[in-house]
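Trainee: Could you walk me through this model before I get back to the bench?

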Amino acid sequence: MVRLFKKTLAVCLIGLGLGILLVLLLPVAGWLFIIGVTVVCVGLMWLAC
């Protein structure tokens, strides 16, 4: 049950990060782009563990 929750949370994080990146296709604000990349990386690491 906990493992399923962790995977779901990781997929949500990846989706959120990709959403941020897609909204900022031409990243005017560099810090928002960095946040999007960071959220995707955290989600991928979470899926890996």
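Mentor: What follows is a short talk through the helices, their contact and the surface. This is a predicted model, in which local features need pLDDT of at least 70 and side-chain atom pairs count only at pLDDT 80 or more, while totals for chains, interfaces and linings use all residues. Residues are numbered from 1 along each chain as its sequence is written, and side-chain values use heavy atoms, with hydrogens and water left out.

Trainee: How many helices and strands does the protein have?

Mentor: The protein has two helices and zero strands, where helices (H or I, at least four residues) and strands (E, at least two) are DSSP runs numbered from the N terminus.

Trainee: At what angle do the axes of α1 and α2 cross?

Mentor: The axes of α1 (residues 2–23) and α2 (residues 30–48) cross at roughly 160° and come within 8 Å, the axes being lines fitted to C-alpha atoms over the stretch in contact, with angles from 0 to 180 degrees between N-to-C directions. The two helices are therefore roughly antiparallel to each other, a term used for angles over 145 degrees.

Trainee: Switching topic, is Leu32 buried or exposed?

Mentor: Leu32, which sits in helix α2, is partly exposed, with a relative accessible area of 28%; buried means under 20%, exposed over 50%, and partly exposed in between, with a 1.4 Å probe and protein chains only. Leu32 and Leu21 lie 8.2 Å apart, C-alpha to C-alpha, and are 11 residues apart in sequence.

Trainee: And how much of the protein counts as buried?

Mentor: Of its 49 residues, 18% count as buried.

Note on methods:
Parallel < 35°, antiparallel > 145°, perpendicular 65-115°, else oblique.
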